[in-house]
Amino acid sequence: LSRLFAARVDKPTRQVLTKIEVIDGDTFTGVRPGTKRRLIIRNAGIQAMEDRECGKKPAKRALKRMLGKRVVIVSKHNSENVNGIGINRFQRNAFTRSGRDIQSAMIQTGLVLPYGIGRETLKQEVYAAQAQRVALAGKGLFSGTYCRPGPVQQAQLKLMINYNASGRDRDNLQGKFVRIRNQSPVSVPIGTGWTEMTCPTV
């Protein structure tokens, strides 16, 4: 990424990008026709797995296959942010020139999670519903064994997440929690476990 720099997008809502290069399962770069500056686009509708998580490489390959070399990026509020290493990224949803919804297509693979970034909430409730159906079908990351079988695969675990605390979240930190209930007679060590969670912000 050191060779990349972000250019200001003058017109929000809808733009065409060419010369697409995929960084990972939810981030790519492209150039506006007639310019040389390469924009870094963080897909505003999905969340792919990170370096330490399984599924990162398959998601990158899937996104590269779907995007091709020319895409349309769409924005509601012309949002952008600076990531943890100081790279400015524009938050956009992506579509092919024929209108194929890249976010929806990626969610259907089961390799990404639905994700809402700030105010860029285009079709967010649609993606969340699609992801629920994909999870129920056990596709991709939701298969139960995609990331290798767990240490106690036969255990019946029930997970409940409360991501929205009562009142102001920062004033009620204990109001956010993850509750795991073991509904089987076998013990399950969870000391080294972690969770990945996304949710709509609408």
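**Exercise 1. The meeting of two helices**

Task: In which handedness of crossing does α2 pass α3?

Solution: In this predicted model, the crossing of α2 past α3 is right-handed.

Step 1. Start with the geometry. Two packed helices are described by the angle between their axes and the distance between the axes. For helix α2 (residues 102-109) and α3, the angle is about 20 degrees and the axes lie 9 Å apart.

Step 2. Now put a word to that angle. Angles under 35 degrees count as roughly parallel, so α2 is roughly parallel to α3.

Step 3. Look at who touches whom. From α2 come Gln103, Ser104, Ile107 and Gln108, and they meet Tyr127, Gln130, Ala131 and Val134 of α3. Sorted by class, this contact holds four nonpolar residues, four polar ones and no charged residues.

**Exercise 2. The disulfide**

Task: Find which residues the disulfide joins, and say where in the chain they sit.

Solution:

Step 1. Count first: the structure has one disulfide. Its partners are Cys54 and Cys147, with an S to S distance of 1.6 Å.

Step 2. Place each partner. Cys54 belongs to the loop between β4 (46-47) and α1 (56-67), while Cys147 belongs to the loop between α3 (124-137) and β9 (157-162). The two are 93 residues apart, and the pair links distant parts of the chain.

Step 3. Check the surroundings. Cys54 has a relative accessible area of 28%, so it is partly exposed. Cys147 is partly exposed too, at 37%.

**Exercise 3. Thr18 in its strand**

Task: Is Thr18 buried or exposed, and which residues is it in contact with, leaving aside its neighbours within four places in sequence?

Solution:

Step 1. Locate Thr18: it is part of strand β1 (residues 14-24).

Step 2. Use the cut-off. Buried means under 20% relative accessible area; Thr18 has 12%, so it is buried.

Step 3. List the contacts. With neighbours within four places in sequence set aside, Thr18 touches Gly30, Val31, Pro33, Lys69 and Arg70.

**Exercise 4. Two lysines with a positive phi**

Task: What phi does Lys19 have, and what phi does Lys123 have?

Solution:

Step 1. Recall the usual pattern: most residues other than glycine have a negative phi.

Step 2. Read the values. Lys19 has a positive phi of about 50 degrees, although it is not a glycine. Lys123, not a glycine either, has a positive phi of about 60 degrees.

Step 3. Place them. Lys19 lies in strand β1 and is exposed, with 54% relative accessibility. Lys123 sits in the loop between β8 (113-114) and α3, and is partly exposed at 33%.

Key:
Residues are numbered from 1 along each chain as its sequence is written. This is a predicted model: local features need pLDDT of at least 70, side-chain atom pairs count only at pLDDT 80 or more; totals for chains, interfaces and linings use all residues. Side-chain values use heavy atoms; hydrogens and water are left out. A disulfide is a pair of cysteine sulfur atoms within 2.5 Å. Helices (H or I, at least four residues) and strands (E, at least two) are DSSP runs, numbered from the N terminus. Buried means under 20% relative accessible area, exposed over 50%, partly exposed in between (1.4 Å probe, protein chains only). Axes are lines fitted to C-alpha atoms, for helices over the stretch in contact, and angles run from 0 to 180 degrees between N-to-C directions. Angles under 35 degrees count as roughly parallel, over 145 as roughly antiparallel, 65 to 115 as roughly perpendicular and the rest as oblique. A crossing is left-handed if the near helix is turned anticlockwise from the far one by less than a right angle, and right-handed if clockwise. Contact means heavy atoms within 4.5 Å. Ala, Val, Leu, Ile, Met, Phe, Trp, Tyr, Cys and Pro count as nonpolar, Asp, Glu, Lys and Arg as charged, and the others, Gly among them, as polar.
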